[in-house]
Amino acid sequence: MNMNMNNERMTNFRWVICTMLFFATTVNYLDRQVLSLTWDEFIKPEFHWNEAHYGTITSVFSIVYAICMLFAGRLVEWMGTKKGFLWAIGVWSVGACLHAVCGVVTEANVGLHSAAELAGATGDAAVLIASVSMYCFLVARCILALGEAGNFPAAIKATAEYFPKKDRAYATSIFNSGASIGALFAPLSIPPLAKYFGWEMAFVIIGVFGFIWMAFWVFLYDKPAKSRRVNTIELEYIEQDKREFKGKAGEPVAEKEEKFPFLKCFTFKQTWAFAAGKFMTDGVWWFFLFWTPSYLSSQFEIKTSEGLGMALIFTLYAIVTVLSIFGGKLPTLFINRSGQNPYAARMKAMLLFAFFPLFVLLAQPLGIHFAYLGRNAAWIPVLLISLGCAAHQAWSANLFSTVGDMFPKAAIATVTGIGGMAGGVGSMLLQKGAGNLFVYAHETHMTFLGFEGKPAGYFIIFIICAVAYLIGWAVMKMLVPKYKLITV
């Protein structure tokens, strides 16, 4: 028997689970991206929206997502990773598909009978259509937010169950790159779907992918100790961190899986440090995700359904995808070379990543300076924004992993949910503020540092995005200057 054990090779099923988390995050961001890639060109003319309507929808999505994140983590702890993830992706897939009926509901409420009649309305009728349609989208968006709030608490918990601490940031960076992949393929698929089949079918077709993922998850997922696809050697590798939990005699014991009191999570500075990092930076990623297509349209007159528009968005997220994966590997290099604890190595890496968003400060000045290139000048701000977005994904992978570094597994999803709520609140403030600022800047011809109108508004938001990471890192370091493991 021992000879068989010695000859047995380690299974690698943990990477299959990581791949499943990657696809879930990809679907998550595809569903989230449909609106941003269709509203300006297809939905806005039909429903008479402006940036304020869109800003309201994205900000409400953010705050509902934030509130749901607070409880999603707790729900995942209660239901377990497998059931919790199934409920999350099932709900958000329903919400994604419901966007497709917003036009029909609007027609029924305003007494019109086609998209052409909606688009041709004027005066008070147009105002009514804009309001009714906005509320219809808000309902669908809230259901989407309710389900999507469960993705990261469940994914982070699954990562903690299947990976030792030293590998978690790398595993997290891989599945978190699904956000970039989703954003990468979105401009290649969603605008053409909307153009040739209607924006409604774009929501439905993308939404169906979530139901397909659920079928695989039911078949594949079990906890490592119960999974028939994980052998003894892989299980020992996964559970190597048990030596941190020692009994009275000093020998290693299994980490307790007992419930971690919800309110107790708020008593730790580690929770507030994670929440601060999320609050300061989540909105930056969501801003570029939600507003980059509109930015290209308003400043460079580039539509997402044309070749140049698709190429710009695709290139942006291709760069993000490639660069961000290495961000999760950097702390492991620090740990292996210097023996630093995981938290110290992650904070060192995050400080490096916090400087890269400063490139976004140059996006507007250089985009205008090279205006003689015509619409091709858009490549310059897109490339600079891609560096900031890549830094965000690398930052985010390590930020998520700090929870697993310091909290027991019984609290990971809950603390992740609390931080997600903080990130959602920060995003709500940025999205709503951006929408109102762009309308105000356009209507008043506002000037700021040599820019006028919407470009002035975008430059202000870019400045906020550029410095957010350094501020977030400083607050985190102030709250938790050194690594400290929390036990039940």
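Is Tyr295 buried or exposed, and at what relative accessibility? Tyr295 counts as buried, at 2% relative accessibility. Here buried means under 20% relative accessible area and exposed over 50%, with partly exposed in between (1.4 Å probe, protein chains only).

The model is predicted: local features need pLDDT of at least 70, side-chain atom pairs count only at pLDDT 80 or more, and totals for chains, interfaces and linings use all residues. Residues are numbered from 1 along each chain as its sequence is written, and side-chain values use heavy atoms, with hydrogens and water left out.

**Exercise 1. Classify the ring pair of Tyr295 and Phe462, then place it in the fold.**

Step 1. Take the rule. Rings of Phe, Tyr and Trp (its six-membered ring) pair if their centres lie within 6.5 Å; planes under 30 degrees apart count as stacked, over 60 as edge-to-face and the rest as tilted. By this rule the count comes to 44 aromatic pairs.

Step 2. Apply the rule. The ring centres of Tyr295 and Phe462 are 5.4 Å apart and the planes stand at 70 degrees, so this pair is edge-to-face.

Step 3. Locate both residues. Helices (H or I, at least four residues) and strands (E, at least two) are DSSP runs, numbered from the N terminus. Tyr295 belongs to helix α12 (residues 269-300) and Phe462 to helix α18 (residues 454-479), so the pair ties together parts 167 residues apart in sequence.

Step 4. Check burial. Phe462 is buried, with a relative accessible area of 1%.

**Exercise 2. Classify the pair of Tyr458 and Phe462, and find the cluster around it.**

Step 1. The ring centres of Tyr458 and Phe462 lie 6.2 Å apart with planes at 55 degrees, so the pair is tilted.

Step 2. Both residues sit in helix α18, 4 residues apart, about one turn of the helix. Tyr458 is buried too, at 1% relative accessibility.

Step 3. One aromatic cluster includes Tyr295, Tyr458 and Phe462; among its other members are Trp39, Tyr54 and Trp291.

**Exercise 3. Describe how α2 packs against α7.**

Step 1. Two packed helices are described by the angle between their axes and the distance between the axes. Axes are lines fitted to C-alpha atoms, for helices over the stretch in contact, and angles run from 0 to 180 degrees between N-to-C directions.

Step 2. The axes of α2 (residues 13-47) and α7 (residues 123-148) come within 12 Å and cross at roughly 175 degrees. That makes α2 roughly antiparallel to α7. The cut-offs: under 35 degrees is roughly parallel, over 145 roughly antiparallel, 65 to 115 roughly perpendicular, the rest oblique.

Step 3. List the contacts (heavy atoms within 4.5 Å). From α2 they include Asn28, Arg32 and Phe47; from α7 they include Ala126, Phe137 and Arg141. The contact residues divide into 8 nonpolar, 2 polar and 5 charged.

Step 4. Follow two arginines. The charged end of Arg32 sits over the ring of Tyr65, 5.1 Å from its centre. Arg141 lies over the face of Phe61, at 5.1 Å from the ring centre. The rule asks for NZ of Lys or CZ of Arg within 6 Å of the ring centre and within 35 degrees of the ring normal.

**Exercise 4. Locate Glu301 and Leu449, two non-glycine residues with positive phi.**

Step 1. Glu301 has a phi of about 55 degrees. Its place is the loop between α12 and α13 (307-338). Glu301 is exposed, at 63%.

Step 2. Leu449 has a phi near 50 degrees. It is found in the loop between β1 (447-448) and β2 (451-452). Leu449 is exposed, at 63% relative accessibility.

Methods:
Ala, Val, Leu, Ile, Met, Phe, Trp, Tyr, Cys and Pro count as nonpolar, Asp, Glu, Lys and Arg as charged, and the others, Gly among them, as polar.
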